[in-house]
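Got your viewer open and ready? Load the model shown here, and let's take a walk through it together.

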Amino acid sequence: MLGPVILAASRSDRIRRLVSAAPVTKQVVDRFIPGESVDQVVPIIQDLTDRGLELTMDVVGEDITTPEQAAAARDAYLELVGRLKELDLGTRAEMSVKLSMFGQALDGGHELALANVRPVVEAAAAIGTTVTLDAEDHTTLDSMFAIHEELREDFPETGCVIQAYLYRTEADARRLAANGSRVRLVKGAYKEPAEVAYQRKPETDKAYVRVLRILMEGDGYPMVGSHDPRLISIAQELGRRAGRKPAEYEFQMLYGIRSDEHLRLAAEGHRMRVYTAYGTDWYGYFMRRLAEKPANLLFFARSVLTKD
Ligand SMILES: Cc1cc2nc3c(=O)[nH]c(=O)nc-3n(C[C@H](O)[C@H](O)[C@H](O)COP(=O)(O)OP(=O)(O)OC[C@H]3O[C@@H](n4cnc5c(N)ncnc54)[C@H](O)[C@@H]3O)c2cc1C
């Protein structure tokens, strides 16, 4: 019950100011967002890849209000691609982008987001890697899927994300599995109304399994985005039954969450990709991590109360 309350509260400017100004916030944020600049995350990228993990990098930010901010977001990703090239890590690290950060919610936003994301996808392809379009709230998804389709005409490896809690997702999964897409399946992290999404966790978990089966049996490349141990073993079983070898799908988890499990799956021979976010505009990302696990909020609250 606490999760939706935190997600609703996260839209309030007052709460944003309170959370951002709390003296201990930074040390709690660091668990999930290990740096504010590309220089700060380079050692983390190197450490994780040295341990046999792959990465998908997210420059945090979403609620932008001007085309200049959207262009700055594009440039931040281009800077990142440049660093990955220098490090020769193009084949080990890809990018995750939120189209809202590329201007999708502004006037003419669909075209603006496409124009901003295309150079990032081109630069990524030039160093042997790719981009995955994150899924945001349900009102943005038709635009996201249209951009995904358009990018795939030139860059078929471009990925996208689907969310098990949405009723529409089984149909989206069938379409994407039939056209050979790279698809990350997640449970879904936004506050969505009952008209479009399951409200209870067991319903979402069951939908996750149904959708995963569609992806595993299809022609695309499934990316299993979850920390849920039950779903991870179901994914292994569904992959086996569909005749997929471990390299023919991958697991993805968030930086800072169940890190031992990242290493365990990699040691078992699976492809394991760690979603690693960095940047200064961390608020939205951080609040979704608090909402997913109320214990995180209690830890945060305790840190605030005991700071002295
Ligand atoms: C790689 C990746 C990319 C994602 N991209 C998107 C996206 O584009 N759009 C979107 O809507 N959502 C995205 N998500 C978030 C996703 O929708 C879920 O909110 C999140 O993954 C929690 O669900 P779960 O499957 O891990 O299962 P849960 O049942 O929520 O968690 C299973 C277990 O994992 C651990 N855990 C999970 N979350 C946390 C946390 N925050 N802190 C500490 N422990 C935790 C706990 O041990 C928990 O019991 C992404 C998730 C991953 C892993």
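Below is a tour in short stops, beginning at the ligand and then moving out to some single residues.

**Stop 1: the ligand and its shell**

Before you click anything, keep in mind that this is a predicted model. Now select the ligand and show what surrounds it. You should get a shell of 26 residues, and the closest are G188, K201, S226, H227 and E292. Where is the ligand sitting? It is in the largest pocket.

Try colouring the shell by residue type. You'll find 9 nonpolar, 7 polar and 10 charged residues in the shell.

Next, switch to the cartoon view. Which helix and strands each supply at least two residues of the shell around the ligand? Look for strand 4 (159–163), strand 5 (182–186), strand 7 (250–254) and helix 12 (283–292). Strand 7 gives the largest share, with 3 residues.

**Stop 2: three contacts with the ligand**

Zoom in and select H227. One of the polar atoms in the side chain of H227 is 2.7 Å from a ligand oxygen. Then pick A189, where the backbone takes part: a backbone N or O atom of A189 is 3.0 Å from an oxygen atom of the ligand. Finish with R289, which also uses a backbone N or O atom, here 3.0 Å from a nitrogen atom of the ligand. While you're here, turn on the surface. The ligand taken alone would expose 920 Å², and the protein buries 88% of that.

**Stop 3: T130, a residue in a loop**

Select T130. You'll find it in the loop between helix 6 (109–126) and strand 3 (131–133). Is T130 buried or exposed? T130 has a relative accessible area of 13%, so it counts as buried. Show its side chain and draw a distance to E157: the side chain of T130 reaches the backbone oxygen of E157 at 3.1 Å.

**Stop 4: two residues with a positive phi**

A bit of background first: most residues other than glycine have a negative phi. Now select D88, in the loop between helix 5 (67–87) and strand 2 (93–97). D88 is not a glycine, yet its phi is positive, near 60°. Turn on the surface and find D88 there: its relative accessible area is 65%, so it is exposed.

Jump to R258 for another case. R258 is not a glycine either, and its phi is positive at about 55°. Look for R258 in the loop between strand 7 and helix 11 (259–267). How exposed is R258? Partly: R258 has a relative accessible area of 35%, and the partly exposed class lies between 20% and 50%.

**Stop 5: distances across the model**

Get your distance tool out and use C-alpha atoms for this stop. Begin with G243, in the loop between helix 10 (229–241) and strand 7. G243 is exposed because its relative accessible area is 55%, and the cut-off for exposed is over 50%. Draw a line from G243 to E192: the two are 51 residues apart along the chain, and their C-alpha atoms are separated by 35 Å.

Move on to D63, which lies in the loop between strand 1 (54–59) and helix 5. With a relative accessible area of 43%, D63 is partly exposed. Connect D63 to D205. Along the chain they are 142 residues apart, and in space their C-alpha atoms are separated by 29 Å.

**Stop 6: two buried residues in strands**

Go back to strand 5 and click on R182. R182 has a relative accessible area of 7% and is therefore buried. Draw a line from R182 to Q163: they are 19 residues apart in sequence and 14 Å apart in space, C-alpha to C-alpha.

The tour ends in strand 2, where you should select S96. How much relative accessibility does S96 have? The value is 0%, so S96 counts as buried. For your final line, join S96 to Q46, which is 50 residues away along the chain, and read off a C-alpha separation of 18 Å.

Terms used
Residues are numbered from 1 along each chain as its sequence is written. This is a predicted model: local features need pLDDT of at least 70, side-chain atom pairs count only at pLDDT 80 or more; totals for chains, interfaces and linings use all residues. Side-chain values use heavy atoms; hydrogens and water are left out. A residue is near a molecule or strand if one of its heavy atoms lies within 4 Å of it. A polar contact is a pair of N or O atoms within 3.5 Å; within protein, one must be able to donate a hydrogen and the other to accept it, and residues adjacent in sequence count only if both atoms are side-chain atoms. Accessible areas come from the Shrake-Rupley method with a 1.4 Å probe; for residues, only the protein chains shown count as cover. On a 1 Å grid over the protein atoms alone, a cavity is a set of points where a 1.4 Å probe fits but cannot get out, and a pocket is an open set with protein on both sides within 12 Å along at least five of seven lines; lining residues have an atom within 4 Å of a point. A molecule sits in a cavity or pocket if more than half of its atoms lie within 2 Å of its grid points. Helices (H or I, at least four residues) and strands (E, at least two) are DSSP runs, numbered from the N terminus. Ala, Val, Leu, Ile, Met, Phe, Trp, Tyr, Cys and Pro count as nonpolar, Asp, Glu, Lys and Arg as charged, and the others, Gly among them, as polar. Buried means under 20% relative accessible area, exposed over 50%, partly exposed in between (1.4 Å probe, protein chains only).
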